[in-house]
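Grab a pencil and work through these exercises with the model open beside you. Try each task before you read its solution.

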Amino acid sequence: MTRQLASAALLLFTSTAYSLSYAATVITSPPDLPNKAYVIMDYESGQILAAKNENEHLAPASMTKMMTSYIIEQKLLKGELTENENVRMNESAWCRGSSTESCMYVPLNGTATALEMLRGIIVQSGNDASKAMAEHIAGNEGTFAHMMNQEAQRIGMKNTRFENSTGMPAEGHYSSAFDMAMLAQHIIKDSSKYYPIYSEKEFTFNGIRQGNRNALLYTDPSVDGLKTGHTEEAGYCLTTSSKRGSMRLVTVIFGAPTMQARATQTRELLNWGFSNFETVNIRPANQTLATAPVWFGTVDKVEIGLNEPFAVTLAKGQSGNIQTKLDVNPKLAAPLKQGQVVGKLTATLDGKVLAEKPLVVLKPIEEAGFFSRLIDYIKLFFSNLF
């Protein structure tokens, strides 16, 4: 069954879904697509605009490599890998070349840099590059798959289980359309330095030039990623991101019947989403939205804000009446850690709740010395606040 935001199923990054109706705006029905599952998500708000079988366990094929590349990117950003670090192609990862898998074609016992391997994974969908990097990072592919599952759990992918780094068919290896959209969000946000690689149309290594299999990169200038996938079991799959103006949408297709169909279906979803919705940025991250009194601290006030941007997705023309309300715990006592939740920010439209975000401490507050705390205890005793 297909759901859409005409009933506005709001799925913020970690919240539950609920319904919201827009009486004044008519949203056209989403496309009826012949595939196993799909999702269209607003990148900024995380809201699902339309979906079919979005939590069903399905073979993700080479979309698996999005997690492989994400782990590599994060290790590069943390300095645990370097871009020019040589990675050896062992026999266990070496690709002999066949019609059943995609390869970067690094020679047996040859090397490529970590950055070249990353391009081989993203652009060429190289199984050999994926396995070589898995072995380089974790010692073997099985241990790397365990790392992939740990990372999936960390970012909230609840319907995903990885058994390998490539997406080749394996029992118990699955993901879902919603989880892949969530992973795409994290790649775009957390790996912004390396995200431009996902839009590269070709990559040449070892004298072999290969084109990106994402056909939309060649036909739609708004599309800048992410990853294709195909096996006989999975069908044709595609995770795509498109930015038009200030709005970015992420789509995931599982099990389209042909390569052309997955591109056409993605194009239909994107056109539908951009035509019917708009993203409204409510408040930015790390900006002081309020100050609140603090007891027993080295200072008597704490700065409060959001640790991530707050955005909502609405039917076009509905953004003019949004109201926001801050609710802060009135009894704050030091010590307070940076990022500690102390309240919530609620956005409403015509009296109906659109979404909520936790308010957090922006700067830590240390506990004061004994005598300062004693004075506060005396004040509180007579004020009956606590």
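**Exercise 1. The two faces of a helix**

Which residues are exposed on the other side of α4, away from its buried ones? Keep in mind that you're looking at a predicted model.

*Solution.*

1. Start with the helix itself: α4 runs over residues 141-154, 14 residues in total. Its first and last C-alpha atoms are 20 Å apart, close to the 20 Å expected at 1.5 Å a residue.
2. Next, pick out the residues under 20% relative accessible area. In α4, the buried residues are F144, A145, M148, N149, E151 and A152.
3. Look down the axis. These residues sit on the same side of α4, because they cover an arc of only 160° around the axis.
4. Now ask what that side faces: the buried residues of α4 pack against α1 (65-78) and α3 (127-138).
5. Turn to the other side of α4, and there's your answer: Q153 and R154 are exposed.
6. Finish with the ends. At the start of α4, N140 brings a side-chain oxygen to within 3.1 Å of the backbone nitrogen of G142. After α4 comes G156, with a positive phi near 95°.

**Exercise 2. A helix with plenty of cover**

Work out how α5 sits in the structure, and which elements its buried residues pack against.

*Solution.*

1. Check the length of α5 (residues 177-190): its 14 residues should span 20 Å at 1.5 Å a residue, and the end C-alpha atoms are indeed 20 Å apart.
2. Count the covered positions: 11 of the 14 residues are buried, so α5 is largely enclosed by the rest of the structure.
3. Put names to some of them: the buried residues include F178, M180, M182, L183, I187 and I188, along with D179 and Q185.
4. List the packing partners of these buried residues: β2, β3, α1, β8 (223-231), β9 (235-244) and β10.

**Exercise 3. A hairpin**

Take two of those partners, β2 and β3. How many bridges join them, and do they run parallel or antiparallel?

*Solution.*

1. Find the strands: β2 covers residues 37-42, and β3 covers residues 48-52.
2. Count the bridges: 4 of them join β2 to β3, and the strands run antiparallel.
3. Fix the register with one pair: Y38 is opposite K52 in β3.
4. Look at the turn. There are 5 residues between the strands of this hairpin, and G46 has a positive phi near 75°.
5. Check the cover on β3: 5 of its 5 residues are buried.

**Exercise 4. Sorting the cysteines**

Which cysteines form a disulfide, and where does that leave C237?

*Solution.*

1. Search the whole structure, and you'll find 1 disulfide.
2. Identify the pair: the sulfur atoms of C95 and C103 are 1.7 Å apart, within the 2.5 Å cut-off. Both cysteines are buried.
3. Try C237. The nearest cysteine sulfur belongs to C103 and is 19 Å away, and C237 is in no disulfide.
4. Check its cover too: C237 counts as buried, because its relative accessibility is 0%.

**Exercise 5. Two buried spots**

Describe the surroundings of Q124 and G255.

*Solution.*

1. Place Q124 in the loop between α2 (114-122) and α3. Its relative accessible area is 0%, so Q124 is buried.
2. Follow the side chain of Q124: it reaches the backbone oxygen of F203 at 2.8 Å.
3. Collect the contacts beyond four places in sequence: Q124 touches, among them, C103, R119, T204, I208 and R213.
4. Move to G255, which lies in strand β10 (residues 247-256). G255 counts as buried because its relative accessibility is 12%, under the 20% cut-off.
5. Find a close approach: G255 and G235 are 20 residues apart along the chain, yet their C-alpha atoms are separated by 4.2 Å.
6. Round off the neighbourhood: with residues up to four places away left out, G255 touches P34, N35, K36, A234, G235, Y236 and C237.

**Exercise 6. The edges of a sheet**

Which are the edge strands of the 6-strand open sheet?

*Solution.*

1. Write down the order: β15-β17-β18-β13-β12-β16, with mixed pairing.
2. Read off the edges: β15 (322-328) and β16 (332-333) each pair on one side only.
3. Zoom in on β16: 2 bridges join it to β12 (residues 290-295), and the two run parallel. V294 has L332 in β16 as its bridge partner.

Conventions. Residues numbered from 1 in each chain as written. Predicted model: local features only at pLDDT ≥ 70, side-chain atom pairs only at ≥ 80, totals over all residues. Heavy atoms only, no water. Buried < 20%, exposed > 50% of the residue type's maximum accessible area, 1.4 Å probe, protein only. Pairing = 2+ DSSP bridges. Expected span 1.5 Å × (residues − 1). Arc of directions from axis to C-beta. Contact = heavy atoms within 4.5 Å. Polar contact = N/O pair within 3.5 Å; in protein donor to acceptor, adjacent residues only side chain to side chain.
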